[in-house]
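Visitor: I am new to this structure and would love a close look at one part of it. Could you take me through the largest nonpolar core?

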Amino acid sequence: MELNILAIGDVVADTGLSMVRRKLRSLQRQVGADFTVVNGENAAVVGITPDQAEEILDAGADVITLGNHTFRQHSICDYLDDCPRILRPANLAPQTPGRGWGVFETAKGPVALIDLIGRCNMDFTPDNPFLLVEKILPKLDTKCILTEFHAEATSEKLAMAYYLDGRVSALWGTHTHVPTADERVFPKGTGYLTDLGMTGAVESVLGIQPQQSVEMFLGGLPGRFRPASGPCKAQGALFTLDSATGLCTAVERVDIR
C-alpha cells in the first residue's frame, strides 16, 4: 500500500499563510496526500504565533515543523508544550519548551516525524543532530519514519541522508528557502531532497522585499525584515512510501503558483 507524504517549505509572512489557506487542500487532493507536514517557522517573518499555527493546521497541515526561529515569538512557548502537532528541532536544549519528534496516525497506519536542526553556519550550537537521532530512532516502533533537517549547509544535509539511508523513509531539508533539483531515492530506500523551497511571495528575496535585501548587501542598516507581497508560490515535495517496508519508492518536487 502506498503512503503519500506531502512536505511544504517554509511559510513566510501573511502572503505565505494566505497561500496555504487558499491552496493546500486542493493540492492535497491533487497529489493524494495521506499526511502533510508544513514548515511554519517564518509565518511571523521570524517565528510563529499560536494563532498562525492554528491557521496552518486548520488549512490542512497534519504537523507543523520549526527551525532556528522557533522561539522568536515568545507567545509560542506554551503552545509548543500544549499542542502535539507542532515540533521544534529535537536537538535544541532539552529544557526548552515543546517536543522534537512524534508519532502520528494516518488512515494507512502510524507515521513518525523527527525535526532536526543543523550546526554548520548557524548562530548557535545545538546538540549534534547525528548523535541525537541515534537516541530517537530506537524509540520509534513504526516503519514509516520522516525526518526534516533544518540546516544551512547542503553538505550537512547530504551527509545526514547517507547516514540515515535505509533507516528512515524520507529526509528533506528546509531553511534556505530555495528549492533544490536533487530529488532522489537513496540506494537503501530513503527519499531525499536537499531543500523544499518556500511558500511566499514570488517577487522577493527569500520572502523579504527585494529592495531591503539589496540595501543590506550595499552595507545599509538591515532594520526589521519587511515581507514582500504580490503573487505567491508554494513549494515542497511529495514522497511516496511503501507502507509495508517503510521505504521510499518515488520523490517528486511540488511548485504551485
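Guide: Here is a walk through that core, with a short stop at its surroundings. This is a predicted model, in which local features need pLDDT of at least 70 and side-chain atom pairs count only at pLDDT 80 or more, while totals for chains, interfaces and linings use all residues. Residues are numbered from 1 along each chain as its sequence is written, and side-chain values use heavy atoms, leaving out hydrogens and water.

A nonpolar core is a set of buried Ala, Val, Leu, Ile, Met, Phe, Trp, Tyr and Cys residues joined through side-chain atoms within 4.5 Å; buried means under 20% relative accessible area, exposed over 50%, and partly exposed in between (1.4 Å probe, protein chains only). The largest one here has 29 residues, and Leu 6, Ile 48, Ile 64 and Ile 86 have the most contacts inside it. Two or more residues each come from β1 (2-8), α1 (13-31), α2 (50-58), α3 (76-82), β13 (232-242) and β14 (248-256). These helices (H or I, at least four residues) and strands (E, at least two) are DSSP runs, numbered from the N terminus. The biggest giver is α1, with six residues.

Now look at Ile 86. Setting aside neighbours within four places in sequence, Ile 86 is in contact with Ala 53, Ile 64, Leu 66, Ile 76, Tyr 79, Leu 80 and Arg 99, where contact means heavy atoms within 4.5 Å. Apart from this core lies another, of 21 residues, including Val 111, Leu 113, Ala 170 and Leu 193. For contrast, turn to Val 178, in the loop between β9 (170-174) and β10 (184-185): Val 178 is partly exposed, with a relative accessible area of 45%.
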